[in-house]
Amino acid sequence: MSEENETIDEVQTLPLDAWHRRKGARMVPFAGYEMPIQYEGIVAEHNWTREQAGLFDVSHMGQLMVTGENAAEELEKLLPGAIASLKPGRTRYSLLMAEDGGILDDLMVTNATPWIEGDEEEGTEGHWGEQAFYLVVNGAMKWDDIAHLREHLDDDVTLTHMEDHALVALQGPNAATALNRVMRNVIDDLVFMDSVCHDFGEWPLRITRSGYTGEDGFEISIPAEHAESLCNRLCAEIEVRPIGLGARDSLRLEAGLPLYGHDITEETDPVSADLLFALTKKRREEGGWMGHEAVAKVLAEGPAQKRVGLEIEGRMPAREGALVYSGDKQVGRVTSGGFSPTLQRPIAMAYIDTALTEEGTELEVEVRKKRLPAKVASMPFVPNRYYRGK
């Protein structure tokens with residue numbers, strides 16, 4: 001389902017641990033922390049998020065701030081996306097790359113450069129402050145990511161790990177309705193991948209219109225000391241219920257979103273992973289970022305395998321590691337799979353030989369020593385509903 005689980009004696013607690021337990025959550029070790037896998041049931045929580053609004057605790061993720069006069073230039077050495085042209089208040093999905101073209105992690109990066117108001121009495125004009133970029137990285141990889149960034153970023157750039165912050169995600173078609181009721185006139189102008197800082201009473205928040213469910217929604221960063229109060233306020237809205245990791249996984253699978261450590265790893269490159277959209281065209285051609293030479297070679301020669309979606313006949317889901325066949329030949333392997341509550345059928349992601357990746361190609365997946373008919377399907381399996389404006 002997730003990043004590798006740790007043994008119990010290694011597990012830490014997050015700021016909302018007691019809150020989850022009071023809500024009746026079943027807790028499991030996940031990415032080094034005790035986290036809720038479900039409250040009332042994975043399918044019920046999945047469907048509630050698709051129909052109303054689910055509140056997820058994602059505080060295990062790493063929240064980082066990179067600041068300095070050359071912060072954008074330094075980040076572009078390590079990320080293949082266009083960071084320098086990212087406008088203040090905008091967010092972009094990107095990848096942390098290795099020299100050999102492998103993916104060290106996937107992440108979200110936001111231009112958090114502050115606007116400094118002018119002072120009429122002193123005769124000063126408003127201006128943009130020092131460059132600042134807010135990064136959200138995967139929980140199981142954050143310590144490796146921090147070490148990698150500190151090793152390769154210039155000494156003039158400051159990397160801050162925001163360990164004193166929690167992160168929650170409000171996701172679903174009624175997420176905006178509920179959040180607008182709590183915080184009026186804050187998110188009206190936000191579209192998908194917009195981010196804004198907002199002081200809600202004594203709670204200093206960063207609200208980003210994003211998430212990992214395929215639904216419209218928001219990720220909210222908040223100082224840990226205020227996290228319970230925020231969650232209580234949100235869950236007081238009739239549309240909002242707490243949702244666990246189980247439903248988060250089935251939702252992101254339906255949305256066709258890869259999970260690091262499973263669908264993408266250090267052994268996979270962006271071309272094979274079907275993540276070329278994260279490589280800005282100009283930077284893909286010009287290079288200047290770690291791993292470019294290796295990725296350019298795959299682009300030129302074509303990948304041996306690619307990540308695709310699979311629809312599987314019957315009711316038995318194919319799990320990670322299931323083998324994919326074309327006739328008697330093994331042509332791939334499943335990296336994520338499960339039963340889709342929305343579609344009421346098994347779906348999966350797999351890496352298969354590139355020659356067989358055309359939509360509709362008929363294959364077979366081995367589940368419990370049986371070969372089940374499957375076909376290549378376009379992703380997302382369930383249409384995304386990101387809010388891009390009226």
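Two strands are said to pair if DSSP finds at least two bridges between them. In this predicted model, six strands joined in that way form an open sheet, in the order E12-E13-E14-E11-E3-E15, with mixed pairing.

**The six-stranded sheet**

At the edges of the sheet stand strand E12 (195-200) and strand E15 (240-242), each of which pairs on one side only. Averaged over the sheet, neighbouring strands are turned by 25° against each other, direction ignored. Within the sheet, strand E11 (residues 165-171) and strand E14 (residues 217-223) run antiparallel and are joined by seven bridges. One position shows how they line up: Leu167 has Ser221 in E14 as its bridge partner. In a regular strand the side chains alternate between the two faces of the sheet.

Two helices lie across these strands. Helix H5 (residues 175-182) lies across strand E3 (53-57), E11, E12, strand E13 (203-208), E14 and E15, and runs at about 40° to E14. Helix H6 (residues 227-235) lies across E3, E11, E13, E14 and E15, at about 150° to E14.

Glu239 is found in the loop between H6 and E15. Is Glu239 buried or exposed? Its relative accessibility is 9%, and since buried means under 20%, Glu239 counts as buried. Leaving out residues up to four places away in sequence, Glu239 touches Trp48, Gln52, Ala53, Asn174, Thr177, Ala178 and Arg181. Trp48 has a further partner: the charged end of Arg241 sits over the ring of Trp48, 3.5 Å from its centre. A similar arrangement involves Arg371, whose charged end sits over the ring of Tyr325, 3.6 Å from the ring centre.

**A covered helix**

How many residues of helix H7 are buried? The count is ten of ten, and H7 is described as mostly covered. The buried residues run from Leu245, Gly246, Ala247, Arg248 and Asp249 to Ser250, Leu251, Arg252, Leu253 and Glu254. Charged residues are among them, including Arg248 and Asp249. The cover includes strand E1 (26-30), strand E2 (33-38), helix H2 (42-51), E3, strand E18 (329-340) and strand E19 (345-353). After H7 comes Gly256, which has a positive phi near 70°.

**A hairpin**

Strand E5 is mostly covered as well, with six of its seven residues buried. E5 pairs with strand E6 (residues 103-111) over seven bridges in the antiparallel sense. In this pairing, Thr91 stands opposite Thr110 in E6. The two strands form a hairpin with five residues between them, and Gly101 in the turn has a positive phi of about 90°.

**Aromatic pairs**

A pair of aromatic rings is described by the distance of the centres and the angle of the planes. The structure holds four aromatic pairs; two of them are set out here.

| Pair | Centre to centre | Angle between planes |
|---|---|---|
| Tyr93 and Phe277 | 5.5 Å | 25° |
| Phe192 and Tyr386 | 4.1 Å | 5° |

Planes under 30 degrees apart count as stacked, so the pair of Tyr93 and Phe277 is stacked, and the pair of Phe192 and Tyr386 is stacked too.

Why does the pair of Tyr93 and Phe277 tie together parts that are 184 residues apart in sequence? Tyr93 lies in strand E5 (residues 91-97), whereas Phe277 lies in the loop between helix H7 (245-254) and helix H8 (281-286). Tyr93 is buried, with a relative accessible area of 12%. Phe277, at 60% relative accessibility, counts as exposed because the cut-off for exposed is over 50%.

The other pair ties together parts that are 194 residues apart in sequence, because Phe192 lies in the loop between H5 and E12 and Tyr386 in the segment after strand E21 (370-377). Here Phe192 counts as buried at 16% relative accessibility, and Tyr386 counts as buried at 17%.

Ser378 is also found in the segment after E21. At 40% relative accessibility, Ser378 counts as partly exposed. Ser378 and Asp269 are 109 residues apart in sequence, and their C-alpha atoms are 20 Å apart in space.

**Annotated spans**

An unreviewed UniProt entry lists residues 17-111 and 123-282 for "domain: GCVT N-terminal". Residues 17-111 are 22% helix and 40% strand, with the end C-alpha atoms 30 Å apart. Residues 123-282 are 25% helix and 26% strand, and the end C-alpha atoms of this span lie 41 Å apart.

Methods: Residues are numbered from 1 along each chain as its sequence is written. This is a predicted model: local features need pLDDT of at least 70, side-chain atom pairs count only at pLDDT 80 or more; totals for chains, interfaces and linings use all residues. Side-chain values use heavy atoms; hydrogens and water are left out. UniProt positions are given in the numbering used here, feature names are shortened, and annotations may be inferred rather than shown by experiment. Helices (H or I, at least four residues) and strands (E, at least two) are DSSP runs, numbered from the N terminus. Axes are lines fitted to C-alpha atoms, for helices over the stretch in contact, and angles run from 0 to 180 degrees between N-to-C directions. Contact means heavy atoms within 4.5 Å. Rings of Phe, Tyr and Trp (its six-membered ring) pair if their centres lie within 6.5 Å; planes under 30 degrees apart count as stacked, over 60 as edge-to-face and the rest as tilted. Buried means under 20% relative accessible area, exposed over 50%, partly exposed in between (1.4 Å probe, protein chains only). A charge sits over a ring if NZ of Lys or CZ of Arg is within 6 Å of the ring centre and within 35 degrees of the ring normal.
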